[in-house]
Amino acid sequence: MSIILNEKTRIVVQGITGKEGRFWTKHMIDYGTNVVAGVTPGKGGQSTAGVPVFDTVKRVTAAMPVDASLLFVPPRLAKDAVMEALDADIKTIVVLCDGIPLHDTLQMRSAAKAAGALVIGGNTSGIISMGKAMMGFFPYWLDRVYRPGRIGIMTRSGSLTNEVTAELVKAGFGASSLIGIGGDPVPLTRFVEVLPLFENDPETDAVVIIGELGGTMEEEVAKAMENGIFTKPLVSFLGGRTAPKGRKMGHAGAIITGGKGTVEDKIAALQAAGAYVAKRPSMVGEQLKDFLAKQNV
């Protein structure tokens, strides 16, 4: 089983005729993803990777049912593209680009919540349900990294994802679904909002979180565990453990504000809630194996 996405999910790709849109749409289809249409204004009537192209999302939804939309658009157009998809009553949207203006992100998140929609991103590689479908750009052909299994993964970091997931595979695990939350300061969906989906998935035994310094998403996960919202085993690796104090590092989201967001704070909160926290990526797989063995999972 998977969360959010499977091989039956009917997907429209906004920005399909661009270089990245064309390239990754073909890979998505090769992986088994059900891409039903694409959208590029002014390109209606064309075809890309065997997929019909429309001028607007509403023209797609008038012609066929659609479940989700994937955006290959530049950051300045992300808000308009998300609003167009929401206006067409699409409830799952993945926004890949980074550098979206902050006020646009806030408006997008507000509109998504009002519409009861799930919008993932920005600054993400996307989401993938292992062996079934993907929305985004993942090198799924790397079997030592992308292997189906029963571990849910959520990540703020694209670069660390392959490393940590490879360690899980090395330890004998695979993933059910991998959700790229993204590294922007205001993610459109937060870790804690995805946790209930993994909690209710009978084919996800545990969750691995790849976090980093900055923000409070990891502390929110700890609170959800303390409140019984998430009860399955959870292992985390947090990037930025050795970051110099007072220096901005990496992602726009990696900013410590109001005395919160340090890796030390996150580690303390997660461990107090019963999670394991790995000191290095190479330890994640073995810690997960130990955690599951103690719980007889």
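A residue counts as buried when its relative accessible area is under 20%, as exposed when that area is over 50%, and as partly exposed in between. Keep that in mind for the first few residues. One more thing before I start: what we have here is a predicted model.

Take W24. Its relative accessibility is 11%, so W24 is buried. F23, right beside W24 in the numbering, comes out at 44%, so F23 is partly exposed. The rings of these two residues form an aromatic pair, with 5.1 Å from centre to centre and 85° between the planes, and that makes the pair edge-to-face.

There is another pair of this kind. The ring centres of Y140 and W141 are 5.1 Å apart and the planes meet at 75°, so this pair is edge-to-face because the angle is over 60 degrees. Which of the two is buried, and which is partly exposed? Y140 has 16% relative accessibility and is therefore buried, while W141 has 46% and is therefore partly exposed.

How many aromatic pairs does a search of the whole structure find? The count is seven. Ring pairs also tie several residues into a cluster, made of F23, W24, Y31, F137, Y140 and W141.

F137 brings me to the largest pocket. F137 is one of the residues nearest the centre of that pocket, together with L96, T124, S125 and G126. In total, 25 residues line the pocket, and the space inside is about 350 Å³. By type, the lining has 10 nonpolar residues, 12 polar ones and three charged ones. Which elements supply at least two lining residues each? They are α5, residues 158-170, and β11, residues 175-180. The largest share comes from α5, with three residues.

β11 is also part of a sheet, so let us go there next. The sheet is open, has seven strands and shows mixed pairing, in the order β9-β8-β11-β10-β12-β13-β14. Why do β9 and β14 each have one side without a neighbour in the sheet? β9, residues 133-136, and β14, residues 276-278, stand at the edges and have a single partner strand each, so one side of each is left open in that sense. From one strand to the next, the twist averages 15°.

Some background on pairing. Strands in a sheet pair through backbone hydrogen bonds, and the pairing can be parallel or antiparallel. Inside this sheet, β12 (residues 206-212) and β13 (residues 234-239) run parallel and are joined by six bridges. V208, for instance, has V235 in β13 as its bridge partner.

Earlier in the chain, β4 gives us both senses of pairing. With β2, residues 35-39, strand β4, residues 51-54, pairs in the parallel sense over two bridges. Here G38 has V53 in β4 as its bridge partner. With β3, residues 47-48, strand β4 pairs in the antiparallel sense, also over two bridges. T48 stands opposite V51 of β4. β3 and β4 make a hairpin with two residues between the strands, and in that hairpin A49 takes a positive phi near 55°.

Last, D104. This residue lies in helix α4, residues 102-115. Is D104 buried or exposed? Its relative accessibility is 9%, so D104 is buried. Along the chain D104 is 27 residues from L77, and the C-alpha atoms of the two are separated by 9.6 Å.

Technical notes. Residues numbered from 1 in each chain as written. Predicted model: local features only at pLDDT ≥ 70, side-chain atom pairs only at ≥ 80, totals over all residues. Heavy atoms only, no water. Phe/Tyr/Trp six-rings, centres within 6.5 Å; stacked < 30°, edge-to-face > 60°. Buried < 20%, exposed > 50% of the residue type's maximum accessible area, 1.4 Å probe, protein only. 1 Å grid on protein atoms, 1.4 Å probe; cavity = no way out; pocket = protein on both sides within 12 Å on 5 of 7 lines; lining within 4 Å. Points joined across faces, edges and corners; volume = space filled by probe spheres on them. Helix = DSSP H or I, 4+ residues; strand = E, 2+ residues; numbered from the N terminus. Nonpolar A, V, L, I, M, F, W, Y, C, P; charged D, E, K, R; others polar. Pairing = 2+ DSSP bridges. Axes fitted to C-alpha atoms, helices over the stretch in contact; angles between N-to-C directions.
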